[in-house]
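Please open the structure in your viewer and keep the selection tool at hand. The tour below moves from one stop to the next and says at each stop what to select.

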Amino acid sequence: MSDYDVVVVGAGLAGNAAALTAAEAGASVLLLEKGERYGGTSVKAGGGLVFAGTDLQTAAGVSDNGERLREALLATGRGQNDPDTVQAYLDHQLDTYAWMRERGVVFDYHADLQPPHLNRLHGTAPGQATDALHTRALAHPDVTYRPRCRALRLRRGGDGRVDGVSVVAADADRGEETVGARRGVVLASGGFARSDALVRTFAPQWLEATRMGGADNTGDGLTMAWALGAGLADMAQVEASFGASVPNFPDLDDTGGAEPKLLYANAQGAVIVNREARRFVNEALNYKQISGVCARQTDGLAFQVFDQRIMDRSLPHPLPSDFKGALAEGRVLAADTLAGLAALTGLDEAALTATLAAYNSYVEAGEDPDFGRPVTAFDDGRIAVAPFYAYPCRNGLTTTYCGLTVDRSLRVLDVFGEPIEGLYAAGEVVGGFHGAAYYSGTGLGKAAVLGRGAGLAVAG
Ligand SMILES: Cc1cc2nc3c(=O)[nH]c(=O)nc-3n(C[C@H](O)[C@H](O)[C@H](O)COP(=O)(O)OP(=O)(O)OC[C@H]3O[C@@H](n4cnc5c(N)ncnc54)[C@H](O)[C@@H]3O)c2cc1C
């Protein structure tokens with residue numbers, strides 16, 4: 001294999017953004033992908049990306065900017081976010097938004113997607129952002145794409161600079177080869193949700209969660225950089241996501257080969273009940289906050305229960321807002337009466353009816369004394385208009401949120417905070433950005449925005 005200016009490890013959203021950006025800046029780029037197909041977790045994601053101060057927000061009458069986004073990120077991360085990594089996002093977020101649109105990514109925006117919060121999620125059809133950038137990358141004369149080719153180790157030159165990667169191609173019998181990277185290597189290999197060993201090391205509490213995300217996301221970039229002394233951040237902050245579908249319900253253990261997906265009817269007013277048909281949480285909380293409480297319910301199982309008014313708020317994307325699509329796929333159960341819904345779900349009819357009656361009375365009173373949900377966020381938040389719906393769900397490990405320490409230029413830092421020259425990282429493999437909790441839409445956002453930032457830095 002010949003040498004390149006830049007080698008990018010992993011062809012998800014971060015890798016494609018980095019590779020295309022670096023090539024457009026004049027670098028020759030090798031984009032490596034371990035799997036059969038590009039896309040990783042990015043093409044399975046709901047599709048919402050966080051940007052602040054966009055034309056779509058302005059057109060919807062929403063006033064927003066980077067400083068407000070910084071405040072929101074730090075508030076969500078309880079101030080434990082790394083300020084440089086957050087700054088890197090702010091440096092590149094609006095430019096990345098415009099750059100993606102120019103390259104065929106189609107965003108939509110609904111101001112009232114997350115009441116009562118200011119919405120920054122810019123929706124894309126699932127996979128569309130990665131598809132569009134990958135198509136552009138393939139068409140670029142300076143990008144060479146190698147699927148089924150796994151990066152194994154980073155090579156350091158005599159000056160300590162990372163100047164190559166050893167790889168193994170699945171369709172070659174040459175064994176391990178080394179490819180040179182004159183300007184540097186960008187790690188964009190995603191997280192480690194599919195590595196039992198790393199989940200056991202950093203997040204053993206989620207070993208039982210439904211594993212979601214890219215099938216080849218076994219933390220390779222993390223371990224490759226770790227072997228060179230890279231610093232790690234947020235490793236204790238891995239949280240599963242509440243809301244993963246149970247594809248073969250009522251069978252909880254066998255998915256029947258179907259891919260679990262996420263759905264959040266609770267963001268539009270659904271109540272969440274457990275197997276005993278009792279509410280157990282403030283449904284307006286973030287799905288990361290709900291996951292810990294859901295894990296303690298019987299069988300780790302919950303039901304989002306809603307009515308036709310909430311079903312009518314379904315949006316085609318982001319995917320977790322597509323209640324109608326979930327119904328068509330059989331992930332949501334429907335019945336004309338609560339008794340019918342109880343029969344379908346196995347919930348006790350009397351308990352379910354009592355729970356909804358109590359909840360509706362809280363909505364009428366304007367206060368939820370049980371869990372403090374802001375019940376006035378919706379015009380009429382009562383769950384009362386047939387047909388009725390239930391979405392059985394559990395916790396899913398979608399993304400691992402933690403990883404390598406980087407500076408504002410996306411250079412990987414060692415355990416002493418010094419840059420490992422020639423080594424950059426972007427996307428889910430980066431730690432420190434989220435801090436103590438996840439701000440929804442910054443997974444894909446971090447991939448695209450930091451991917452572009454790393455591409456500019458490595459080629460610059
Ligand atoms: C169901 C679900 C819904 C989600 N919804 C959203 C959402 O709506 N909004 C949001 O912001 N985030 C969402 N996320 C999180 C988001 O998808 C991820 O944070 C993001 O896609 C990570 O992008 P990435 O490019 O860093 O990694 P990935 O897209 O996973 O790409 C990494 C790539 O690297 C490849 N790779 C791994 N190791 C190697 C190696 N050794 N050599 C070569 N290649 C390698 C992998 O095969 C993979 O293709 C969701 C996640 C899931 C699972």
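The strands named on this tour are DSSP runs of at least two residues, and helices and strands are numbered from the N terminus. With that in mind, select P250, which sits in the loop between the strands β11 (241-245) and β12 (271-273). Please remember throughout that this is a predicted model.

Stay at P250 and add F249 to the selection, since the peptide bond that runs from F249 to P250 is cis, with an omega near 10°. A second bond of this kind can be found if you select A386 and P387, which are joined by a cis peptide bond with omega at about -5°. P387 belongs to the loop between α12 (349-365) and β15 (388-397). As background, most peptide bonds are trans, and most residues other than glycine have a negative phi.

Next, select D234, which is not a glycine and yet has a positive phi of about 65°. You will find D234 in the loop between β10 (232-233) and β11.

Now select the ligand together with the residues around it. Which residues come nearest to the ligand? Of the 41 residues around the ligand, the nearest are E33, S42, N217, D220 and L444. If you colour this shell by residue type, you should find 14 nonpolar, 20 polar and seven charged residues. Colouring by element of secondary structure is also useful here, as α1 (13-24), β6 (149-156) and α13 (442-459) each supply at least two residues of the shell, and α13 gives the largest share, with five residues.

Three contacts of the ligand deserve a distance label. Begin with N217, where a polar side-chain atom lies 2.7 Å from an oxygen atom of the ligand. Then go to L444, where a polar backbone atom is 2.6 Å from an oxygen atom of the ligand. Finish at G46, where a backbone N or O atom lies 2.9 Å from a nitrogen atom of the ligand. The ligand taken alone exposes 1000 Å², and the protein buries 96% of that.

The last stop is the second largest pocket, which holds about 280 Å³ of space. To find it, select E208, A209, T210, R394 and N395, which are the closest to the centre of the pocket among the 16 residues that line it. This lining consists of six nonpolar, six polar and four charged residues. Where do the lining residues come from? Domain 1 (4-236 + 399-459) and domain 2 (241-397) each contribute at least three residues to the lining of this pocket.

Note on methods: Residues are numbered from 1 along each chain as its sequence is written. This is a predicted model: local features need pLDDT of at least 70, side-chain atom pairs count only at pLDDT 80 or more; totals for chains, interfaces and linings use all residues. Side-chain values use heavy atoms; hydrogens and water are left out. A residue is near a molecule or strand if one of its heavy atoms lies within 4 Å of it. A polar contact is a pair of N or O atoms within 3.5 Å; within protein, one must be able to donate a hydrogen and the other to accept it, and residues adjacent in sequence count only if both atoms are side-chain atoms. Accessible areas come from the Shrake-Rupley method with a 1.4 Å probe; for residues, only the protein chains shown count as cover. Helices (H or I, at least four residues) and strands (E, at least two) are DSSP runs, numbered from the N terminus. Ala, Val, Leu, Ile, Met, Phe, Trp, Tyr, Cys and Pro count as nonpolar, Asp, Glu, Lys and Arg as charged, and the others, Gly among them, as polar. On a 1 Å grid over the protein atoms alone, a cavity is a set of points where a 1.4 Å probe fits but cannot get out, and a pocket is an open set with protein on both sides within 12 Å along at least five of seven lines; lining residues have an atom within 4 Å of a point. Grid points are joined across faces, edges and corners, and a volume is the space filled by probe spheres set on the points. Domain bounds come from an automatic or database domain assignment.
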